[in-house]
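Visitor: Please take me through one part of this model in close detail. I would like to look at the open sheet and what packs on it.

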Amino acid sequence: MECGVRHIVLRVYNSLTRKIEEFAPLRGNRVKMYVCGPTVYDYAHIGHARTYVSYDVMARYLRNAGYSLFYLMNITDVDDKIIQRAAERGVHPLELAKEFERYFMEDLRDLRIESVNLFARASEHIDEIIDLIKGLLEKGFAYETSTGVYFDTEAFGPYGELSGREPEELSVHRIEPDPTKRRPQDFALWKLRPETELGWDSPWGYGRPGWHIEDTAIIMTYFGPQLDVHGGAIELIFPHHEAERAQAEAASGVAPFSRYWIHTGLLTVEGEKMSKSLGNIISIREVLRRYSAEELRYFYASSHYRSPVEFSWENLEAASRALDGIESVAQEFRSRDVSSEELDDRGRGLLEHLRTGKSRFISALEDDFNTPLALSVLHDSLRFTARYLETNDSVPEEARAEGEAFFALVNSVLGVFSGGLEPSSQLLDEVLSLILNVRERLRSEKRYELADAIRSALDSLGIRVEDTAGGARWRSASRRVVRR
Ligand SMILES: [Zn+2]
């Protein structure tokens, strides 16, 4: 991850082989990554956010390490759940989908996720879906019945391999029960529907695609028969990813469809999976009204992406406090004078500690994106730094530069610092002290309402004003940024 010199030692867990493998893309340093996007009929929740933030960290890491990453995400806008919800609301399904797609994009932006190169809607890939189904029929991997077209799971030998299910287990999970199917585990590629419903013409009649074929067709449209990383939450592994893999490998004859299958662990709330029936769904927007994106991202980074994570407001508050601790040491470090004198032993020790910290931080990420380990390395470095600052007024130039590079790296991969840890700017300092002087004047004239308005306006920009005996001071804070 050092500038110019890339040591490819990334290792990732591959769900298909159930092993940690060395990461080697299909072609050079180019990485094609796909992550299953949302079915847009409701607000996205903090379980979804966990998944999308995890892949955002991977994407940021890969780009930082010098890989040329193309990150594709689909938008499932053709789906029975959307159609049902639209009918309840009396709107067109694609209108409803557009509305929730817009909310999803807002959520991504608020979560500081900007890593996706392309979003692809299922409704805009119907021709590609139909072509793919035609190919599967021609090759004998699909069959037509009076209700639609189905994938013949028996014809695809490795079916069940990805999720590790034995043949007898596959039929237990009854997907789309339909008496015309040859066996319960066969899944729909095209469902015939009445013309009053959302649908398209096809060689088999009017209807709409099944969910799994939408994703496979989108991937193959942009990436061809193979990609490097296929991601999604662990609960999608069966039947969704099993089906995606079967469709792609059967149609193209090329294996593996995805070089690495990466899955994120489940998020629970009070030990339960979030569900409508339990009434414990927490939306992304609800959390971001109380905590900043940086705090939430820090909370997610404290668990390994494959581990289950238990969400609670207490756990989020604890993450927030830990992040606060990091930021206050980092800011103290950056506010100290820089000394250009020759390094003494203590200065050399600090420099060495920061340098080692940065490289251990990188090693932790290279170890299957071990963010909790990376964060503990960061804490360790900051504890050492805090001890140094207790007994030294200034910071050696070299150590300052090393520290800045370390914080910048942490932020560019994890996105856990707000603007406060961007390189400090003299102009910003001067503008802020000007504003604070005006505010002091207002306070001395007892015009508190106006003074408070200035303070809360600064607060919403992430700048925390503290009135101390020696006058007002400001510090940058990612915490609880008021949403606009
Ligand atoms: Zn998918």
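Guide: A definition comes before the details: two strands count as paired if DSSP finds at least two bridges between them. Keep in mind that this is a predicted model.

Start with the setting. The chain has 484 residues, and 43% of them count as buried. It holds 15 helices and 18 strands. Its C-alpha atoms fill a box of roughly 80 × 50 × 35 Å along the principal axes. Among contacts with a separation of 6 or more, 75% join residues 24 or more positions apart.

Now the sheet. It is open and built from 5 strands. Read across, the order is β5-β4-β3-β10-β11. The pairing is parallel. β5 (118-121) and β11 (258-264) stand at the edges; each has a single partner strand, so one side of each lacks a neighbour in the sheet. Neighbouring strands are turned by 25° against each other on average, direction ignored.

Look closer at one edge. β10 covers residues 227-233. This strand pairs with β11 in the parallel sense, over 6 bridges. One bridge can be named: Leu-227 has Ser-258, in β11, as its partner.

Then add the helix. α1, residues 46-64, packs on the sheet. The strands touched by α1 are β3 (30-35), β4 (68-75), β10 and β11. The direction of α1 makes about 160° with that of β4.

As for what links the strands, the general rule is brief. Strands of a sheet pair through backbone hydrogen bonds, in either a parallel or an antiparallel way. In this sheet, the pairing is parallel.

Terms used:
Residues are numbered from 1 along each chain as its sequence is written. This is a predicted model: local features need pLDDT of at least 70, side-chain atom pairs count only at pLDDT 80 or more; totals for chains, interfaces and linings use all residues. Helices (H or I, at least four residues) and strands (E, at least two) are DSSP runs, numbered from the N terminus. A residue is buried if 20 or more other C-beta atoms lie within 10 Å of its own, exposed if 12 or fewer, and partly exposed in between; C-beta atoms are placed from the backbone. Two residues are in contact if their C-beta atoms, placed from the backbone, lie within 7 Å. Axes are lines fitted to C-alpha atoms, for helices over the stretch in contact, and angles run from 0 to 180 degrees between N-to-C directions.
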